Amino acid sequence: MNTIKINNKVVIIKPIDFDAICTLEDLGFDVAKVGSRTLSSIRSAVAFNMGITLQEASAEIEQHIKNGGKFDEFAPLLEAITQSDFFQNLARNMENTENN
């Protein structure tokens, strides 16, 4: 079980499957633009993993940075998404569709 610490709160990184991707999209996570909208992606991932709203996630991120935290400490959240089997298969399918 992977975890990260945000504002002295241990956050369990949730597994990524179809339902998780749908929930992330509902939170504004854009699967097609994962590398270009990093801040929005981080906010969506924090909200998803902490079970909070986007506004609450923004506040958590802001407090984390104010307390001396760094944005790269959120990388495991995005890596869990982009390295998941489901996301990898989805990306391959999207790429194959674009190439046909």
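**Exercise 1. Classify Gly 51 by accessibility and place Gly 51 in the fold.**

Solution. Step 1: the classes are buried (under 20% relative accessible area), exposed (over 50%) and partly exposed (in between), with a 1.4 Å probe and protein chains only. Step 2: Gly 51 has 61% relative accessibility, so Gly 51 counts as exposed. Step 3: Gly 51 is in the loop between helix 2 (38-50) and helix 3 (54-66). Helices are DSSP runs of H or I with at least four residues, strands are runs of E with at least two, and both are numbered from the N terminus. Step 4: from Gly 51 to Phe 86 the C-alpha distance is 21 Å, at a sequence separation of 35 residues.

The model is predicted: local features need pLDDT of at least 70, side-chain atom pairs count only at pLDDT 80 or more, and totals for chains, interfaces and linings use all residues. Residues are numbered from 1 along each chain as its sequence is written, and side-chain values use heavy atoms, with hydrogens and water left out.

**Exercise 2. Describe how strand 1 and strand 2 pair, and characterise the turn.**

Solution. Step 1: two strands pair if DSSP finds at least two bridges between them. Strand 1 (residues 3-6) and strand 2 (residues 9-12) are antiparallel, with 4 bridges. Step 2: Ile 4 stands opposite Val 11 of strand 2. Step 3: in a regular strand the side chains alternate between the two faces of the sheet. In strand 1, Ile 4 and Ile 6 are on the covered face, while Thr 3 and Lys 5 are on the uncovered one. Step 4: the two strands form a hairpin with 2 residues between them. Most residues other than glycine have a negative phi. Asn 7, in the loop between strand 1 and strand 2, has a positive phi near 50°. Asn 8, in the loop between strand 1 and strand 2, has a positive phi of about 65°. Step 5: Asn 7 has a relative accessible area of 17% and is therefore buried, whereas Asn 8, at 71%, counts as exposed.

**Exercise 3. Find which residues His 64 touches, leaving out those up to four places away in sequence.**

Solution. Step 1: contact means heavy atoms within 4.5 Å. Step 2: His 64 is in helix 3 and is buried, because its relative accessible area is 8%. Step 3: His 64 touches Lys 5, Ile 6, Asn 7, Gly 69, Lys 70, Glu 73 and Phe 74 under this exclusion. Step 4: the C-alpha atoms of His 64 and Asn 8 are 9.0 Å apart, with their positions 56 residues apart along the chain.

**Exercise 4. Count the aromatic pairs and give the geometry of each.**

Solution. Step 1: rings of Phe, Tyr and Trp (its six-membered ring) pair if their centres lie within 6.5 Å; planes under 30 degrees apart count as stacked, over 60 as edge-to-face and the rest as tilted. The count is 2 aromatic pairs. Step 2: Phe 18 and Phe 86 have ring centres 5.9 Å apart and planes at 70°, so this pair is edge-to-face. Phe 18 belongs to helix 1 (residues 18-26) and Phe 86 to helix 5 (residues 85-99), so the pair ties together parts 68 residues apart in sequence. Phe 18 is exposed at 53% and Phe 86 is partly exposed at 28%. Step 3: Phe 71 and Phe 74 have ring centres 6.3 Å apart and planes at 50°, so this pair is tilted. Phe 71 is partly exposed at 41%, and Phe 74 is buried at 1%.

**Exercise 5. Identify the residues of the largest nonpolar core that touch the most other members, and the elements that supply the core.**

Solution. Step 1: a nonpolar core is a set of buried Ala, Val, Leu, Ile, Met, Phe, Trp, Tyr and Cys residues joined through side-chain atoms within 4.5 Å. Step 2: the largest core has 25 residues, and Ile 4, Ile 16, Val 46, Phe 74, Leu 77 and Ile 81 touch the most other members. Step 3: strand 1, helix 1, helix 2, helix 3 and helix 4 (75-82) each supply at least two residues. Helix 2 gives the most, with 5 residues. Step 4: leaving aside neighbours within four places in sequence, Val 46 contacts Ile 6, Gly 51, Ile 52, Ala 57, Ile 61, Phe 74 and Leu 77.

**Exercise 6. Determine where the buried residues of helix 4 lie around its axis.**

Solution. Step 1: the buried residues of helix 4 are Leu 77, Leu 78, Ile 81 and Thr 82. Step 2: the arc is that of the directions from the helix axis to the C-beta atoms. Step 3: the buried residues fall within an arc of 125°, so they line one face of helix 4.
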